[in-house]
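Student: I'm new to this one and would like to learn how to read it. Could you walk me through it?

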Amino acid sequence: MSMNVSTDDCQPLQLSNGTTPEGEAAKVGDSSDKSGLDVVVVPRLYKRRWLMVFLFASYSLTNAYQWIHLNIIGNVILKYYNESLPGSDYQQKLAIDWLSMVYMLSYIPLIFPATWLLDKKGLRICGILGTLLNALGAWLKCAAVSPSRFAVLMTAQTICAVAQIFILGIPAHLAAVWFGPNEVSTATAIGVFGNQIAVSAVGAIVSSGEKFLWDVMRVNSPTARRCLFDHSVTVQSGLYKVKSLGCALGFLIPPEVVPNSDDLDFIGYRLSLMFYGGAAITSSLFILVCVVFKNGPPIPPSQAQAAAVSNASNQNYLHSLKRLFLNKGFLLLMITYGINTGSYYGIGTLLNRIILDYFVGKEVDAGRIGLTLVVAGVLGAILAGLWLDWTKLFKWTAVGIYFMSFAGMLLFTFTIGLGHLWVVYLCAGILGLFMTGYLPVGFEFAAEITYPEPEGTSSGLLNASAQVFGIILTIGMGAIMDRFSTFPANCTICCVLLLGTIITGLISSDLKRQEAGKELLDRVSRFISKKTPYGTLL
């Protein structure tokens, strides 16, 4: 027998057989309910969820590491594979740049079928495919250690790039399926942050001991389902930070392991050490994922989450895309997000060339400067999230951070030629603090102005825009550096960031998710003030 509860008119809890809510804990999906209402379940959380999230974090990190670990030692790769590269100097450098850009190129056509596969087949199959391809690409790199095998190296990197498609879409789904709403504070304590809008207030009720409230609420309305789903952003935002850690390691480790040398045999030996180490780690993660990864728990972490996931899977994907493309504010945000993130991709891909153009022989410092960019960016993202949580000023926060990204790039451009490495580190930190810190702000702003469209769809389009602009700006910067110098290439990035700042200011601040969250909170407040057979809820 089920508990029939409605939030539409906020009526008190009705139990048809007089049993307590605890007695209904195991009755999930009771088909005997003839009312047509959703069956309410008492949630259960499983310890496996922490192992799942740790495994995902680990293989996501290794894939992000493999994105940049070759380009940060681009001059060494160019020297070692010179005999199997194209003839002209520009074509050789462009071929090296494609080791990074192949990640961007593969994302654009493959992210949508990968998202469909995740929705239809679940976490396990996507986790296995992602780790399998990641490990396969890593092992193929081991076979590419020969000056004549650049084509093999590019093939291996392409396989790793395809693996990312089965990784980037997982955080939201993993958070929704395995984590309960009362774990917001726990997630925050381990470094996860997010902007929790109105659902944060409901989460506070949960944390105070009234977890039962989430499960006696029937969430048939799309508004309620989408609002209750938003708490998973807290978990997924933290999981996205793991990618930044992988990028940080990708900047830091390769210059230390594979130093520049005129001895090609020595370079080959050091490349082998790096590649075999990566292959061993990714293979271990593949085995663990095969053993541990599950599509979901037997009992959902909350009724709200069960309904939210069901609602997300029943969305009409094409209709949602159409509505997003008709949203003028979102189209402008796609352009500005693409410019900002594409600029970051371009700088990250070409950082080795940029630094060595001013500081000859400083490959290790190039990697550490990249590390500074990423670490400062993670700090910026956390601070931006806290600021948004406090002020709810989504548009003006986006404009302010965008302008500071432009100012940081301007500072980096005009100080790198002074000849002081400490100045470059400082300016790189300022640039990363704002440029990388903008990324979660863009996602949250998109969620606000596109509500109630699924966040997975809007974030997928933002990422696709970032890949397109990343390819354009990386190729453009490389061509300018090859024909002129690094200075005008950096000035070009300054100009496009200024353009992005102006366009961001034109976006309408229509915070639809905020309004829906307030409406839901009002309904919850009216609901909990009612009396039940057990007394008032609060």
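Student: Let me start with a single residue. Is Thr-492 buried, partly exposed or exposed?

Tutor: Before I answer, keep in mind that this is a predicted model. Buried means under 20% relative accessible area and exposed means over 50%, with partly exposed in between. Thr-492 has 29% relative accessibility, so it counts as partly exposed.

Student: Which helix does Thr-492 lie in?

Tutor: Thr-492 lies in helix 21. That helix covers residues 486-505, which is 20 residues. From its first C-alpha to its last it reaches 29 Å, close to the 28 Å expected at 1.5 Å a residue.

Student: Which residues of helix 21 are buried?

Tutor: The buried ones include Thr-486, Ala-489, Asn-490, Ile-493, Cys-494, Val-496 and Leu-497. Further along the helix, Gly-500, Thr-501, Ile-503 and Thr-504 are buried as well.

Student: How far is Thr-492 from Met-477 in space?

Tutor: Their C-alpha atoms are separated by 7.7 Å, and the two residues are 15 apart along the chain. You can try the same reading on a wider sequence gap. Arg-48 and Pro-297 are 249 residues apart in sequence, yet 8.7 Å apart in space, C-alpha to C-alpha. Arg-48 is in helix 1, residues 48-68, and it counts as partly exposed because its relative accessibility is 32%.

Student: What share of the contacts in the whole protein join residues at least 24 apart?

Tutor: Take the contacts between residues at least 6 apart in sequence: 84% of them join residues at least 24 apart. As for the rest of the overall picture, the protein has 22 helices and four strands. Of its 538 residues, 58% are buried. The protein exposes about 21,000 Å², with carbon and sulfur atoms supplying 65% of that.

Student: Now a buried residue, please. Why does Asn-340 count as buried?

Tutor: Asn-340 has a relative accessible area of 0%, so it is buried. You'll find Asn-340 in helix 15. Setting aside neighbours within four places in sequence, Asn-340 is in contact with Tyr-402, Ser-405, Met-435, Tyr-438, Leu-439 and Leu-497. Leu-497 is one of the buried residues of helix 21.

Student: And Leu-439, which residues does it touch?

Tutor: Not counting residues up to four places away in sequence, Leu-439 touches Tyr-337, Asn-340 and Thr-341. Leu-439 and Asn-340 are 99 residues apart in sequence, with their C-alpha atoms 8.3 Å apart. Leu-439 lies in helix 19, residues 438-450. Its relative accessibility is 19%, so Leu-439 counts as buried.

Student: Let's turn to pockets. How much space lies in the second largest pocket?

Tutor: About 300 Å³. There are 16 lining residues, and the closest to the pocket's centre are Leu-78, Lys-93, Asn-352, Arg-353 and Met-481. The elements that give two or more residues to this lining are helix 2 (74-80), helix 3 (89-121), helix 15 (328-358) and helix 20 (455-483).

Student: Which helix gives the largest share of that lining?

Tutor: Helix 15, with five residues. That's the helix where we found Asn-340.

Student: How do the lining residues divide into nonpolar, polar and charged?

Tutor: Four are nonpolar, seven are polar and five are charged.

Notes. Residues are numbered from 1 along each chain as its sequence is written. This is a predicted model: local features need pLDDT of at least 70, side-chain atom pairs count only at pLDDT 80 or more; totals for chains, interfaces and linings use all residues. Side-chain values use heavy atoms; hydrogens and water are left out. Buried means under 20% relative accessible area, exposed over 50%, partly exposed in between (1.4 Å probe, protein chains only). Contact means heavy atoms within 4.5 Å. Accessible areas come from the Shrake-Rupley method with a 1.4 Å probe; for residues, only the protein chains shown count as cover. The expected span of a helix is 1.5 Å times one less than its number of residues. On a 1 Å grid over the protein atoms alone, a cavity is a set of points where a 1.4 Å probe fits but cannot get out, and a pocket is an open set with protein on both sides within 12 Å along at least five of seven lines; lining residues have an atom within 4 Å of a point. Grid points are joined across faces, edges and corners, and a volume is the space filled by probe spheres set on the points. Ala, Val, Leu, Ile, Met, Phe, Trp, Tyr, Cys and Pro count as nonpolar, Asp, Glu, Lys and Arg as charged, and the others, Gly among them, as polar.
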